[in-house]
Amino acid sequence: MSPADPYVYQARELVEPDWTRFPAWRQVTTAEWESVQWQRAHCVKTIGQLRAVLGDGINERFYADLERDQAERATMSMLMPPQMVNTMVPGVAPNDPQATEALYADPVRRYMLPVFSDRRIDRPSHPYATRDSLHEQDMWVAEGLTHRYPTKVLAELLPTCPQYCGHCTRMDLVGNSTPQVIKLRFGAKPVDRYDAMIDYLRRSPGVRDVVVSGGDVANMPFTNLERFLERLLEVDNIRDIRLATKALMGLPQHWLQAEVRAGMERLGATARDRGVQIAIHTHVNHANSVTPLVAKATRAMLDTGIRDVRNQGVLMAGVNADASQLLDLCFALTDRAGILPYYFYMCDMIPFSEHWRVSVAEAQRLQHALMGYLPGFATPRIVCDVPFVGKRWVHQLADYDREHGISYWTKNYRTSIERDDLEALTRTYAYYDPIHTLPTEGQRWWERQTAPDSRRQQVAAEQAARASRQAATAQASS
Ligand code: SF4
């Protein structure tokens with residue numbers, strides 16, 4: 001018998017899990033379920049609301065675990081539309097004796113509804129974890145407009161989403177404050193911020209690509225979003241517009257509204273006339289989230305004439321950091337929903353994220369495991385968003401100190417804060433693996449480091465790690 005390949009492709013139909021298994025939604029009709037107003041009105045924002053939805057079948061231990069996380073660890077507040085809740089433990093009724101353990105193990109629950117026992121006790125945060133780990137605010141050229149790459153910018157139009165993900169990299173700004181994180185707030189009025197963004201783009205002919213994000217653009221009144229996009233389409237140099245919305249998966253009912261479809265058709269027609277590409281970028285992390293309603297909303301968007309719908313997931317241990325899970329997700333997206341698998345980001349170095357993060361070596365292994373199963377154009381790249389550098393494919397590193405878990409990366413352009421920095425293109429920039437993934441000596445080395453509080457100390461630690469490695473190499477070769 002010849003050995004089987006590590007992954008065996010199987011065509012699978014999408015399934016909308018039966019929401020009537022939840023006691024609170026036993027009487028909910030299909031018309032109600034498919035209504036965005038009903039979905040928004042029944043979002044789960046508190047433990048009390050979660051209890052009401054799940055009924056008495058879930059052990060108290062789970063709720064206590066969740067409550068402790070919200071008090072001591074959570075960087076994002078709880079917010080899930082029923083559509084997302086329904087993709088957790090899809091085949092299990094909440095009164096099933098196995099429901100509590102199934103909920104604990106569920107991949108969507110693990111990132112949308114984190115509990116205290118999910119997180120690492122030894123080192124819940126990396127010493128270099130920061131609130132704005134990508135330093136996007138440092139690179140604001142107008143409030144909420146990050147200019148980090150030569151030809152593209154990120155426009156954060158609003159700080160809210162229809163759902164809040166536990167691992168959100170914009171946890172500094174997005175969502176409601178939690179006991180651990182008092183959120184920053186935009187200072188200027190939205191209308192003034194948008195004016196300043198458009199003004200910057202008009203004055204910057206080198207910028208051709210705008211990621212219109214937040215938060216999630218699904219939380220913006222559509223007429224306001226349409227007006228902003230119309231203004232963007234009038235800027236001659238803008239050739240690509242990407243709308244960031246996890247709600248295409250979390251609240252597909254939003255994108256299925258007649259008003260939204262009609263508006264996107266108008267925008268699609270204008271974009272075509274002007275030779276501009278509009279695409280939607282969504283954020284799906286697990287195959288269980290890809291349901292027929294998600295596919296329907298995607299079809300509706302593609303029918304408006306926009307160029308593409310692409311997925312940017314986040315690679316997380318316990319959620320999807322496994323080749324089979326990633327391939328199942330990619331096939332669900334591309335076969336059944338018309339969504340192009342595009343990127344998987346390594347989870348960023350925000351506070352309390354160590355249990356989700358994987359090492360660069362593991363990301364490289366996963367990238368290798370994905371190769372060859374999907375069409376080349378639909379094979380996602382796993383990328384590391386290196387602070388002060390930007391996205392890099394995980395095999396692009398310049399050097400890798402595996403003992404200390406420090407990878408070194410280079411860049412080929414200056415960000416907006418390095419205009420006069422002569423060494424920006426010759427120095428290396430560090431990224432850090434989770435410490436619990438390191439060999440024992442590497443973990444001990446980190447224990448000896450004092451908690452850093454500045455970039456200067458960070459650089460000193462990198463230099464110390466290099467010196468320690470060089471000394472070990474010299475000793476081994478002498
Ligand atoms: S949808 Fe995006 S911006 Fe909103 S909470 Fe999730 S990761 Fe953050």
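This report walks through a few helices, strands and loops of the structure above, which is a predicted model.

**Helix H12 and its two sides**

A good place to start is helix H12, which covers residues 258-274. With its 17 residues, H12 reaches 24 Å from its first C-alpha to its last, close to the 24 Å expected at 1.5 Å a residue. Four of its residues, Val-260, Met-264, Leu-267 and Ala-271, are buried. These four cover an arc of only 65° around the axis, which puts them on the same side of H12. The spacing fits a familiar rule: an α-helix has 3.6 residues a turn, so residues three or four places apart point the same way. If you rotate the view to the other side of H12, you will find Ala-258, Glu-259, Ala-269 and Asp-273 exposed.

What do the buried residues of H12 pack against? Their partners are helix H9 (222-233), helix H11 (252-255), strand S6 (277-282) and helix H13 (292-303). Just after H12, the backbone at Gly-275 takes a positive phi of about 70°.

**A neighbour of H12: Ile-306**

Ile-306 sits in the loop between H13 and strand S7 (308-315). It is worth a look here, since one of the residues that Ile-306 touches is Met-264, itself buried in H12. Setting aside residues up to four places away in sequence, Ile-306 also touches Gly-268, Ile-278, Ala-279, Ile-280 and Met-301. Ile-306 counts as buried because 20 other C-beta atoms lie within 10 Å, and 20 or more is the cut-off for that label. Cys-347, by contrast, is 41 residues from Ile-306 in sequence and 29 Å from it in space, C-alpha to C-alpha.

**Parallel strands and their crossovers**

Next come strands S3, S4 and S5. Strands of a sheet pair through backbone hydrogen bonds, either parallel or antiparallel. S3 and S4 run parallel, and S4 and S5 are parallel as well. S3, helix H8 (residues 190-202) and S4 make a right-handed β-α-β unit. From S4 the chain crosses through H9 to S5, and this β-α-β crossover is also right-handed.

The table sets these two pairings beside one from another part of the chain.

| Strand pair | Direction | Bridges | A facing pair |
|---|---|---|---|
| S3 (residues 152-156) and S4 (residues 209-213) | parallel | five | Leu-154 and Val-211 |
| S4 and S5 (residues 240-244) | parallel | four | Asp-209 and Asp-240 |
| S11 and S12 (residues 406-409) | antiparallel | three | Asp-401 and Ile-406 |

**A small antiparallel sheet**

The last row of the table belongs to an open sheet of three strands, in the order S11-S12-S13, with antiparallel pairing. Which strands stand at the edges? They are S11 (399-401) and S13 (429-432); each has a single partner strand, so one side of each is left without a neighbour in the sheet. On average, neighbouring strands of this sheet are turned by 25° against each other, direction ignored.

**Loops with unusual backbone**

Most residues other than glycine have a negative phi, and most peptide bonds are trans. Several loop positions depart from that pattern. Val-89, in the loop between helix H5 (82-85) and helix H6 (99-105), has a positive phi of about 35° although it is not a glycine. Val-89 counts as buried, with 25 C-beta neighbours inside 10 Å.

His-135 is found in the loop between helix H7 (107-112) and strand S1 (140-142). Phi of His-135 is near 55°, again a positive value in a residue other than glycine. Is His-135 buried or partly exposed? With 15 C-beta neighbours inside 10 Å, His-135 counts as partly exposed.

The peptide bond from Gly-214 to Gly-215 is cis, with omega near 15°. Gly-215 belongs to the loop between S4 and H9.

**Gly-144 and its surroundings**

A last stop is Gly-144, in the loop between S1 and strand S2 (145-147). Gly-144 is buried, with 25 other C-beta atoms within 10 Å. Leaving aside neighbours within four places in sequence, the contacts of Gly-144 are Ala-155, Glu-156, Leu-157, Phe-186, Arg-193 and Met-197. Ser-213 is 69 residues from Gly-144 along the chain, and the two C-alpha atoms are separated by 9.7 Å.

How values were computed
Residues are numbered from 1 along each chain as its sequence is written. This is a predicted model: local features need pLDDT of at least 70, side-chain atom pairs count only at pLDDT 80 or more; totals for chains, interfaces and linings use all residues. Helices (H or I, at least four residues) and strands (E, at least two) are DSSP runs, numbered from the N terminus. The expected span of a helix is 1.5 Å times one less than its number of residues. A residue is buried if 20 or more other C-beta atoms lie within 10 Å of its own, exposed if 12 or fewer, and partly exposed in between; C-beta atoms are placed from the backbone. The arc is that of the directions from the helix axis to the C-beta atoms. Two residues are in contact if their C-beta atoms, placed from the backbone, lie within 7 Å. Two strands pair if DSSP finds at least two bridges between them. Axes are lines fitted to C-alpha atoms, for helices over the stretch in contact, and angles run from 0 to 180 degrees between N-to-C directions. A crossover is right-handed if, with the strands pointing away from the viewer, the path from the first strand over the helix to the second runs clockwise.
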